[in-house]
Amino acid sequence: MSENVSSFVAALEKSLADGTFVKLTLGNYKGPETHLQKLLVRPISTKKGNRLYFLYRGATRDTAKNFDPQTGVALVGDALDNGFRSGHLFTTTNDFQLEIGKKGRSRLNSGRPTFKAAATQSHDREKKVQIASDSFYLRALGITDDNGRVRDREQHKWKQINKFVEVLASLVDRSELKDRAQLKIVDMGSGKGYLTFAAYDYFANRRGVKVSMTGVDTKSDLVEMGNGVADAAGFDNLNFVVGSIADHDVGEADILIALHACNTATDDAIYKGIRAKAGLIVVAPCCHQEIRPQIKPPEMLRDILKHGVMLERVAETLTDGLRSLILEREGYSTKLFEFVSTEHTPKNNMLVGTRTSRRIVDDRFTKQIHDIIKAYGIRSQHLMTLLG
Ligand SMILES: C[S@@+](CC[C@H](N)C(=O)[O-])C[C@H]1O[C@@H](n2cnc3c(N)ncnc32)[C@H](O)[C@@H]1O
């Protein structure tokens, strides 16, 4: 190792010891691994303590790993000896720039710091979660272009993805799953998998949780594409399977997600979540078709609900309201809210059930449910039917 490389590695080691490390980038790779392009390193805080998050960026796939700081420093030294020809170390006291020439000659410059504050390691307590827009999977799914820029037409989806991960992170932090080292997550009706990938990436790669995640969808082409991108991204424990929500055998799960699964598919998903004893059930219902044709308005509301648009709203309110009461009855505390502005998607109501320590059915809710269905002449609701 040349003197400049040693000094660069020593500066990294020192910045980690005195808490001034912000991040490090190695580039201009000329080594034997043809696909490798960059190595990005930043600090993270995990259950195992402070670690270094290594993202090996390739032409078609990224691989992420966490290491303890000592191992991380040694690996950076190895990487500079084995193909990376440039390094940029950011600390709060100095920036260091290393260039290694063809014949091993090198140059090390230091300058004023770009960043004034050390990177926060407590990412899991951040209120605002920002997905890294240069992630490979976002490029592969068409959200970003080759330069990691969010495509104009995907801006709404991008906002939705970020908001979803932010909401999910905060829900986990307020639930029994908060400090879990492992999470089993099932995403029902995963579609193209934007939210599935983002959730996996956040928990597995940013928080360092051992995540096992499955996306379920009836469309085999989407499942095939999802598996291809997961392989290419090196997301080893993310799988997509072809199947219907009603028939998928979930087993036990920690988080059950179903975003924009049509009509009663949302009920199938909630039912699976309850049976899987999921700590969190997160659904964004859409296409509320089951209850509307059954409604016989109470006399007092007859002349209001003769207007289709009003009936539509009441049908939606009753459907999600009943789902929420059923979850409460089964031992979940619930929240119903708009998770992203209607400007980004009209299908934006989110119903969340968080498992409580109550393990018995609460019949207070049974009475409310019966009063409501009686008042509106509702004969059947799919989730109620599934739960008998
Ligand atoms: C509107 S997309 C939503 C995709 C994704 N969850 C999101 O919010 O971006 C709905 C997806 O659910 C799938 N789907 C609908 N009903 C389903 C069912 N009963 N079982 C499995 N997948 C279903 C569809 O094939 C479609 O890909």
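Which residue in β12 does Leu-259 stand opposite? The partner is Ala-284; view 4 shows the pair in its place.

This is a predicted model, in which local features need pLDDT of at least 70, side-chain atom pairs count only at pLDDT 80 or more, and totals for chains, interfaces and linings use all residues. Residues are numbered from 1 along each chain as its sequence is written.

**View 1. Two domains share the protein chain.** Domain 1 spans 3-111, and domain 2 spans 161-387. These bounds come from an automatic or database domain assignment. The centres of the two domains, taken over C-alpha atoms, are separated by 42 Å. Ten residues of domain 1 are in contact with nine residues of domain 2. Contact means that the C-beta atoms of two residues, placed from the backbone, lie within 7 Å. On the side of domain 1 that touches domain 2, β2 (36-46) and β4 (62-67) each supply at least two residues. The largest share of that side, four residues, comes from β4. By class, that side of domain 1 has two nonpolar, four polar and four charged residues. Here Ala, Val, Leu, Ile, Met, Phe, Trp, Tyr, Cys and Pro count as nonpolar, Asp, Glu, Lys and Arg as charged, and the others, Gly among them, as polar.

**View 2. Seven strands form an open antiparallel sheet.** Helices (H or I, at least four residues) and strands (E, at least two) are DSSP runs, numbered from the N terminus. Two strands pair if DSSP finds at least two bridges between them. The order is β4-β3-β2-β1-β5-β6-β7. The edge strands are β4 and β7 (106-111), and each pairs on one side only. From one strand to the next, the twist averages 15 degrees. Axes are lines fitted to C-alpha atoms, for helices over the stretch in contact, and angles run from 0 to 180 degrees between N-to-C directions. Helix α2 (residues 69-81) lies across β1 (21-29), β2, β3 (49-58), β4, β5 (84-91) and β6. This helix runs at about 25 degrees to β3.

**View 3. Residue pairs mark the antiparallel neighbours β1 and β5, and β6 and β7.** Seven bridges join β1 to β5. Tyr-29 stands opposite Phe-84 in β5. On to β2: β1 pairs with β2 in the antiparallel sense over three bridges, and a hairpin of six residues joins these strands. Leu-24 stands opposite Val-41 in β2. Strand β6 (residues 95-100) is joined to β7 by six bridges. Glu-99 faces Arg-107 in β7 as its opposite residue, and Gln-97 has Asn-109 as its bridge partner there. The hairpin of β6 and β7 has five residues between the strands. In that hairpin, Gly-104 takes a positive phi near 85 degrees.

**View 4. A second open sheet of seven strands has mixed pairing.** Its order is β10-β9-β8-β11-β12-β14-β13. At the edges are β10 (238-242) and β13 (332-338), each pairing on one side only. The twist averages 15 degrees from one strand to the next. Strand β11 (residues 255-262) pairs with strand β12 (residues 280-286) in the parallel sense over six bridges. Leu-259 and Ala-284 of β12 stand opposite each other.

**View 5. Helices α5 and α8 pack on this sheet.** Helix α5 (residues 194-206) touches β8 (182-188), β9 (210-217), β10 and β11. The direction of α5 makes about 175 degrees with that of β9. Helix α8 (residues 308-329) touches β12, β13 and β14 (349-355). The direction of α8 makes about 155 degrees with that of β13.

**View 6. A shell of 17 residues surrounds the ligand.** A residue is near the molecule if its C-beta atom, placed from the backbone, lies within 6 Å of it. The closest are Gly-189, Gly-191, Ile-245, Leu-259 and Ala-265. Two or more residues of the shell come from each of α5, β9 and β11. Strand β11 gives the most, with four residues. By class, the shell has nine nonpolar, six polar and two charged residues.

**View 7. Helix α9 (residues 363-375) has 13 residues.** From its first C-alpha to its last, α9 reaches 18 Å. That is close to the 18 Å expected at 1.5 Å a residue, where the expected span is 1.5 Å times one less than the number of residues. Gly-377 follows α9, with a positive phi near 65 degrees.
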